[in-house]
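Colleague: I should like to go through this model with you. Could we begin with its open spaces and then turn to its charged pairs?
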Amino acid sequence: MNQIYDVVIIGAGMSGLAATIRALMFDKNVLLLEKHSIAGGLNSYYSRGSRDFDVGLHALTNYANPKLKHKNVNNNNNSDNSSSDNHSSNISNLRANLRANYNPNAFLKVLRQLRIPFDKMDLQQQRISKIDFAYQGCTLKFSNEMELLISEVKEYFPKEIDNFIKLINFVVSYSDDNLYQPYLSAKEKVSEIIKDPLLLEMIFTPLFLYGSSWENDMDYSQFVIMFRSIFLEGFSKPKGGVRTIINLLLSRIQEECDKNAIYKIEKVLQFNKKVSSLKLKDGKDGKDGEWEITLHSGEIIQSKKVISTIGYVETMGLVEKLEKEKLAKKDSEHSELVGNLSFTETILILDKEIPANYQDTSIIFYNNNSLNKFFYNKPKDNVDSNSSVVCFPNNFGVNSLSSTSSSLLSSSESMIRFSMLANYQLWSKYSREEYIIEKARLLKTSKTLLKKLLPTIDSGDTGQAKIIDHDIFTPRTIHKYTGHLQGSIYGAKLKFKDGRLPTANCHNLFLAGTDQGFLGIVGALLSGVTIANFYINQE
Amino acid sequence: MTQEEVRQVVVDIIADIAPDEDLKNLKDDIALREQLELDSMDFLDIVMELRKKYKIEVPPEDYPKLATLGSCVQYLSPKLVN
Ligand SMILES: Cc1cc2nc3c(=O)[nH]c(=O)nc-3n(C[C@H](O)[C@H](O)[C@H](O)COP(=O)(O)OP(=O)(O)OC[C@H]3O[C@@H](n4cnc5c(N)ncnc54)[C@H](O)[C@@H]3O)c2cc1C
């Protein structure tokens with residue numbers, strides 16, 4: 001135990017990989033520890049039989065094409081000026097506002113910081129996504145061109161179109177300096193602008209599902225981030241799925257190691273290394289010393305700094321002295337710190353392509369609640385069968401009829417994925433037999449929903465696509481593989497936006513990833529980059 | 001190094017940092033930030049590359065001297081003598 005690292009990073013998910021690349025770029029002696037045998041974390045990959053699966057990737061948010069700057073703004077210089085109606089002039093004002101205020105896209109920013117050329121991501125854009133409130137019979141479509149959603153709102157909520165444009169203007173003009181402000185209810189703030197309760201719910205639905213750690217509300221600054229990243233920028237997906245992203249990150253780590261003879265990738269990036277405790281040693285003259293990182297195997301590592309990406313409570317659990325304190329806390333206090341929201345994922349494999357009349361749809365945010373409301377909370381049952389994110393990974397990229405194109409599957413097969421809000425406590429306490437039964441029930445629930453959306457599939461009619469395989473994972477699986485308490489995907493309600501732990505004795509220990517507050521894949525990458533930039537070079 | 005070479009050093013660094021930007025028509029007297037989508041994080045990377053490739057330390061108080069290509073050449077030329 002002779003060497004002292006400059007920085008040890010815990011967790012080789014998106015944020016940990018990104019932070020490691022930056023640390024190497026700063027010529028720091030860095031060690032990345034991952035308990036699992038492969039990288040990726042919440043968005044890793046696996047194979048079953050002959051098929052490859054992604055754990056979680058439906059879509060990347062924040063789509064932008066660097067070759068078309070301000071694509072959302074310039075693309076239609078057409079008829080706005082010729083028509084004199086109010087909405088059109090509002091829309092051209094909106095364009096002017098976008099041009100003046102829109103800051104560089106977060107995804108491009110991250111790629112640049114990591115020196116990953118955009119083209120290597122091999123992105124396919126979404127075709128059309130839908131917010132489908134089935135019970136109300138109301139669907140809003142959106143795509144990577146903001147105009148589509150605006151025209152949908154105009155058609156289905158004509159009274160709200162000016163308010164909606166006003167909302168977009170607010171979001172565009174929102175200064176990034178406000179991103180670090182304390183919590184403000186987005187529902188309250190947005191309902192001052194959008195008056196129709198149904199439209200309000202519909203706007204929030206994708207934003208909750210792709211980025212809120214709160215139940216039925218979110219922080220206003222997070223609302224702004226998600227609104228921009230989904231409605232103003234949009235969805236895309238690497239053709240090769242999440243493996244493309246992980247492989248690019250790993251080869252950047254390799255490249256940086258190659259530049260410097262003293263780094264070897266197998267020394268920098270170590271798998272099957274679970275951190276079991278963290279201890280800040282006393283230094284000389286009453287100052288803090290180094291961190292002592294103990295692994296499950298008993299191995300002890302020393303480092304000047306630690307960046308943890310495993311979550312706030314999870315990290316505090318490793319800091320020996322504070323564990324008892326934490327355990328003494330009442331459950332209610334705990335709920336601020338451990339996320340309540342988890343999901344099940346059902347993956348269905350079809351023997352044929354997605355039926356032709358459904359090839360235009362990339363993602364459906366489905367809600368069938370009779371109460372004019374989308375309930376984004378931990379369900380009472382083990383899943384909320386009234387709502388789901390339904391993703392068609394094959395329906396990305398240019399739709400050239402013969403080649404629907406996700407390279408994960410052999411060309412004739414296709415895939416449909418369902419994410420449903422789930423109750424971790426219920427899933428975690430089932431016996432083995434009960435667990436199998438409940439998974440079978442979930443499969444049935446997913447198939448019932450599929451029947452509603454695409455009735456021809458598995459109908460038994462000749463020539464129609466059949467389900468030939470499936471896979472299911474639950475909050476229990478997520479907890480087991482990533483260590484996130486309660487199988488929580490978006491982490492604690494409370495975020496630590498400056499990456500600092502609000503506890504004494506945590507000098508030089510920083511948080512990145514989910515609990516730092518930037519959510520999703522792009523968010524996690526940005527978080528890793530930002531925290532590394534900010535703290536790694538600091539004395 | 002000639003002024004032209006010093007200019008090229010800076011342009012090459014920017015090309016590394018922002019491979020998707022078109023750098024052919026950069027003006028020497030207009031702020032880089034106004035011509036390119038560089039933000040403060042990218043800016044720090046220019047400083048980092050100067051240190052790594054040319055062992056030049058740029059202290060924070062001198063960052064404004066890197067605002068335009070012209071001012072970069074002025075500031076860096078004496079430091080890039082060999
Ligand atoms: C089903 C599902 C679908 C999703 N869909 C999307 C989507 O479509 N689009 C999107 O943008 N995002 C999606 N996400 C969210 C996205 O995957 C996450 O936000 C992101 O990957 C989080 O990355 P992270 O680095 O913050 O955390 P993690 O990925 O959780 O990284 C933490 C790492 O730390 C490791 N670790 C934990 N404890 C220890 C320990 N003690 N010692 C060593 N290592 C440890 C874990 O194994 C893990 O690898 C989805 C997630 C899931 C689960």
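Colleague: What volume does the second largest pocket have?
Modeller: The volume of the second largest pocket is about 1300 Å³. A pocket is an open set of points on a 1 Å grid over the protein atoms alone, where a 1.4 Å probe fits, with protein on both sides within 12 Å along at least five of seven lines. This is a predicted model, in which local features need pLDDT of at least 70 and side-chain atom pairs count only at pLDDT 80 or more, while totals for chains, interfaces and linings use all residues. Residues are numbered from 1 along each chain, chains are lettered from A, and side-chain values use heavy atoms, without hydrogens and water.
Colleague: How many residues line that second largest pocket, and which lie nearest its centre?
Modeller: The lining has 49 residues (each with an atom within 4 Å of a point), and A:Lys109, A:Tyr180, A:Leu526, A:Thr530 and B:Met41 lie nearest the centre.
Colleague: On to charges: how many salt bridges are there over all chains?
Modeller: The count is 30 over all chains, a salt bridge being a side-chain nitrogen of Lys or Arg within 4 Å of a carboxyl oxygen of Asp or Glu.
Colleague: Which residue pairs with A:Arg243?
Modeller: A:Arg243 forms a salt bridge with A:Asp54, with 3.5 Å between the closest N and O atoms.
Colleague: Is A:Asp54 buried or exposed?
Modeller: A:Asp54 is buried, at 4% relative accessibility; buried means under 20% relative accessible area, exposed over 50%, and partly exposed in between (1.4 Å probe, protein chains only). A:Arg243 is also buried, at 15%.

Notes. Grid points are joined across faces, edges and corners, and a volume is the space filled by probe spheres set on the points.
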